[in-house]
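Visitor: Could you take me closely through one part of this model, and then show how that part fits into what surrounds it? I would like a careful account in connected sentences.

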Amino acid sequence: MEGSFAGVDWASEKHDVVVQNAVGEELFAGTFMHDEAGLRALCRQLVRLNVQLVAIERPDGVLVERLLDAGLRMLALHPNQVAAARARFRVSGGKSDRFDAFVLCELARTDQHRFRVLEPDSDQTKALRALCRGREDLVQTRVAITNQLRAELERFWPGAVKIFRSIDSPIALAFLEKYPSPLDARTLGEQRLAAFLARQHYSGRKTPAELLRQLRSAPEGRAGDAEIHTRRQLVLTLVELLTPLVAQIKQLERHIAQALAEHPDGELFRALFRDPKSVITASELVAEIGDCRARYPTSDALAGDAGQAAVAIESGKRKVACYRWACNKRLRDAVCTLADSTRHWHPWAADHYARAIARGHDHPRAIRGLGRAWCRVIWRCWQDQTPYDPARHRALQQHSTVTVPTPPGPRPDTAATQRMLGTAVTHKAARRAEREALDGTPTSATPRGG
């Protein structure tokens, strides 16, 4: 039997499957449940029908892993590509799970040369990706609870929000656990606050008197005793939720740092950062780019998937460049965070960003332009499996080269160039810029209003 093709329309509870031969004749159409028996039967059926290529609308998950484990080659198609192909076979606009499986099967049979076969990443990369995405979910939960806690305090005790820099820091949570309402802090004085700060190993530069003055200078609420008691319980509940969550995020970050250090490409991406503690963004780059070098055959493919390349729209006399919405959002955030941090300390990145601003670009667009330039550097280092080396970065060397006039003509001054590079790219400046970028909200370079 010659090779056949299959389309699988996956769902959370069942999967519709259509199998055709090389000339488009239907060999099988059926539905398999998403349980162990159903997945086993699906794999057996596809192997029995000698399926050589399976098209599906997702690149990962239990179903994809089981199909790959059965020795089947996969095409992971974007849902937009499938949606655009429906009109080729049905102009009425109708849609069903079985019809989507048919469309996927047709794309695998007739357009397989237009798509790349799915090549799974290594187990180390999958583990690092799970850690990074798990941390991202926990951080989103932490931000939501922190915003709720801040809003609750603003309603009846604004001073507790301003006494420490971050309301979700361990010392701020410990303070709110001990003093969850203005009634609890009524007798708080300098000595008691100083003892509390000593127990929490406070490393700030403000004295207890300054912190207490900052606490007392905030507006006073006019809530009654009953309302204060209710809101006090809400504050304690939110603090009880936040305290272990913050600790778990810190522990997860330590696991991410260890996993990145053990990953074969870990040093390759860590070399893009001057601060050794900048492991989160480097880990996200490793996890989202992966270790399959054939996934991105060109730097433009990487820039497009990272959302750094604009989408050109031409029609008649109209030609515009639009924001790229269809991309890997996590990879886009990681590349934009890299670009936003390097513009503060890397001379080439700073010049690239400044020139974009001078041309009239706003901050998000300038960051995306710098991110696209970094994608070319990342792609070259990734393909060659060579860590980033400023000495081999030609654009950086050209930007930083100092020339002196001589009778025969200008010549480069090596000593001055080295001094310029050493002054511009310092560890202190790099650490400060990267920590500022990573402590705040990542610069996703999303257009205003989007």
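Guide: Helices here are DSSP runs of H or I with at least four residues, numbered from the N terminus. The model is a predicted one, and the part I would choose is the loop between α16 (363-384) and α17 (394-400), where H393 is found. H393 counts as buried because its relative accessibility is 9%, and buried means under 20%. The side chain of H393 makes a polar contact, at 2.8 Å, with the side chain of Y388. Leaving aside residues up to four places away in sequence, H393 touches H346, W348, V377 and Y388.

One of these neighbours, W348, leads to helix α15, where it is among the buried residues together with P347, A349, H352, Y353 and A356. Helix α15 covers residues 347-358, and its 12 residues should span 16 Å at 1.5 Å a residue, which agrees with the 16 Å between its end C-alpha atoms. After α15 comes G360, whose phi is positive, near 100°. Y353 also takes part in a contact of another kind, since the charged end of R343 sits over its ring, 4.6 Å from the centre. A further arrangement of this kind is found where the charged end of R90 sits over the ring of F99, at 3.9 Å from the ring centre.

The wider setting is the packing of nonpolar side chains. The largest nonpolar core has 45 residues, of which F269, L272, L285 and W374 touch the most other members. The elements that give two or more residues to this core include α15 and α16, as well as α5 (123-156), α10 (225-262) and α14 (329-342). Among the contributors, α16 gives the most, with 11 residues. L272 ties this core back to the loop, for Y388, the polar partner of H393, is one of the residues that L272 touches when those up to four places away in sequence are not counted, the others being L285, L338, T342, W345, W374 and I378. Apart from the largest core lies another, of 34 residues, with A172, A174, F175 and L245 among them.

F175 appears again when the aromatic rings are considered, as ring pairs link it with W157, F164, Y179, F196 and Y202 into a cluster. The count of aromatic pairs comes to 12, where rings pair if their centres lie within 6.5 Å.

Terms used:
Residues numbered from 1 in each chain as written. Predicted model: local features only at pLDDT ≥ 70, side-chain atom pairs only at ≥ 80, totals over all residues. Heavy atoms only, no water. Phe/Tyr/Trp six-rings, centres within 6.5 Å; stacked < 30°, edge-to-face > 60°. Lys NZ or Arg CZ within 6 Å of the ring centre and 35° of its normal. Buried < 20%, exposed > 50% of the residue type's maximum accessible area, 1.4 Å probe, protein only. Polar contact = N/O pair within 3.5 Å; in protein donor to acceptor, adjacent residues only side chain to side chain. Contact = heavy atoms within 4.5 Å. Expected span 1.5 Å × (residues − 1). Core = buried A, V, L, I, M, F, W, Y, C linked by side-chain atoms within 4.5 Å.
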